[in-house]
Amino acid sequence: RILWSNNSMQLHLGDGMESRDITVALPEFPANRLSGAGEDFEVRIRHSDKYYNVKVKRIDPEQASLSNYVIDLRQSGVRLFAVYIFDETEEVRTRNEIQNQKLAFGIVLIDNFDEAMNSTEEVRRSLLSALVERKITKYLQEYDAIINKVENDRYTFAVRQKYVPMIQGSKFSILDEVRDINIGNELSVTLCIGMGVDAENYAQAQEWARHALDLALGRGGDQAVIKQGQDIAYYGAAGRQVEKNTRVKARVKAQALKEIIRARDAVFIMGHKMGDPDSFGAAVGI
């Protein structure tokens, strides 16, 4: 129950709060924490469109000069708390805006470029390449991205971090859009996308994007991977392409496996039941 509030508190939460339950004036307040040991605590809450930092400190009733209030503070079981509420709305909004303006880095790779081109009539190859480029560019421009075509089969892009949840919400629909392109090509064009998000600097974001791309390639391509620190999210992989057994592919898979193992606290290596020499040798190799 609220015994007293100052003018600033009433300005934020409304007049006439005295003698009311604090959860009526501030529903988000964790009143259940007052019924425990009664120790001091601090919590951040959102009320309406405001963000508050709430600090709660216990007061000894014997030392409180509040005898003129309705409640008898000297009776047993009564606990008294001072609640300080700091309006942090502008600080939170500024911090969120700074976070949203950070750049996430991404790499788009046409993972079967040569195979798709070779499966298309020569006169249509330039058209196929142009259609794929247009799809990629149009998709990324929807999120105000900066796009750079590095090679015929590789693009890099930078996008503000506030758009990352939107891209995740679309589940990287560009994968399906490109795969559906058909102008006579026998093989569908598939993409690998790697993104580095929420890195400390742009160099780290680029490195995370490369690791994410390696993970996508190691899993067979036709998918997108987002690396955010130790967290890795996978999207796509609706159709698995025919993989090429090359030394590059082996290196990519080894790097991807290393990244997966490093991101885990414990790893168990097991062969199948009634293991044979192949199973045992594979376990030793790993």
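In the predicted model, three strands make up an open sheet with the order β1-β2-β3, paired in the antiparallel sense. The edges of this sheet are taken by β1 (41–47) and β3 (80–87); each has a single partner strand, so one side of each is left without a neighbour in the sheet. From one strand to the next, the twist averages 25°. Strand β2 (residues 50–59) is paired with β3 over eight bridges, again antiparallel. Within this pairing, Tyr52 has Asp87 of β3 as its bridge partner.

A further open sheet consists of six strands in the order β5-β6-β4-β7-β8-β9, and its pairing is mixed. Here β5 (146–151) and β9 (231–236) stand at the edges; each has a single partner strand, so one side of each lacks a neighbour in the sheet. Neighbouring strands of the six-stranded sheet are turned against each other by 15° on average, with direction ignored. Strands β4 (residues 103–110) and β7 (residues 191–196) run antiparallel and are joined by six bridges. Val108 has Ile193 in β7 as its bridge partner. Helix α8 (residues 202–218) packs on this sheet, where it touches β4, β6 (154–160), β7, β8 (223–228) and β9. The direction of helix α8 makes about 145° with that of β7.

Taken as a whole, the protein chain contains 10 helices and nine strands. Of its 286 residues, 37% count as buried. Among contacts between residues at least 6 apart in sequence, 57% join residues at least 24 apart. The accessible surface of the chain comes to about 17,700 Å², and 49% of this area belongs to carbon and sulfur atoms.

Side chains of opposite charge can pair when their charged atoms come close. The count of salt bridges in the model comes to 10. Glu42, Arg44 and Glu88 are linked in a network of such bridges. In this network, the side chains of Arg44 and Glu42 meet at 3.9 Å, N to O, while those of Glu88 and Arg44 meet at 3.1 Å, N to O. Glu88 lies in the loop between β3 and α3 (89–101) and Arg44 in strand β1, so the pair ties together parts that are 44 residues apart in sequence. The members of the network fall into separate accessibility classes. Arg44 counts as exposed because its relative accessibility is 54%, and Glu42 is partly exposed with a relative accessible area of 42%. Glu88, with a relative accessible area of 12%, is buried.

Another salt bridge is formed by the side chains of Glu133 and Lys149 (3.1 Å, N to O). This pair links distant parts of the chain, with Glu133 in helix α5 (residues 122–141) and Lys149 in strand β5, 16 residues apart. Glu133 is partly exposed at a relative accessible area of 28%, and Lys149 also counts as partly exposed, at 32% relative accessibility.

On the surface, Leu257, Ile261, Val267, Ile269 and Ile286 make a nonpolar patch of about 420 Å². Of these residues, Ile261 is placed in helix α9 (residues 247–262). The relative accessibility of Ile261 is 33%, so this residue counts as partly exposed.

Notes
Residues numbered from 1 in each chain as written. Predicted model: local features only at pLDDT ≥ 70, side-chain atom pairs only at ≥ 80, totals over all residues. Heavy atoms only, no water. Patch = residues over 30% accessible without salt bridge, like charges linked within 9 Å, V, L, I, M, F, W, Y side chains within 5 Å. Areas by Shrake-Rupley, 256 points an atom, 1.4 Å probe, with all protein chains shown as cover. Salt bridge = Lys/Arg side-chain N within 4 Å of Asp/Glu carboxyl O. Helix = DSSP H or I, 4+ residues; strand = E, 2+ residues; numbered from the N terminus. Buried < 20%, exposed > 50% of the residue type's maximum accessible area, 1.4 Å probe, protein only. Pairing = 2+ DSSP bridges. Axes fitted to C-alpha atoms, helices over the stretch in contact; angles between N-to-C directions. Contact = heavy atoms within 4.5 Å.
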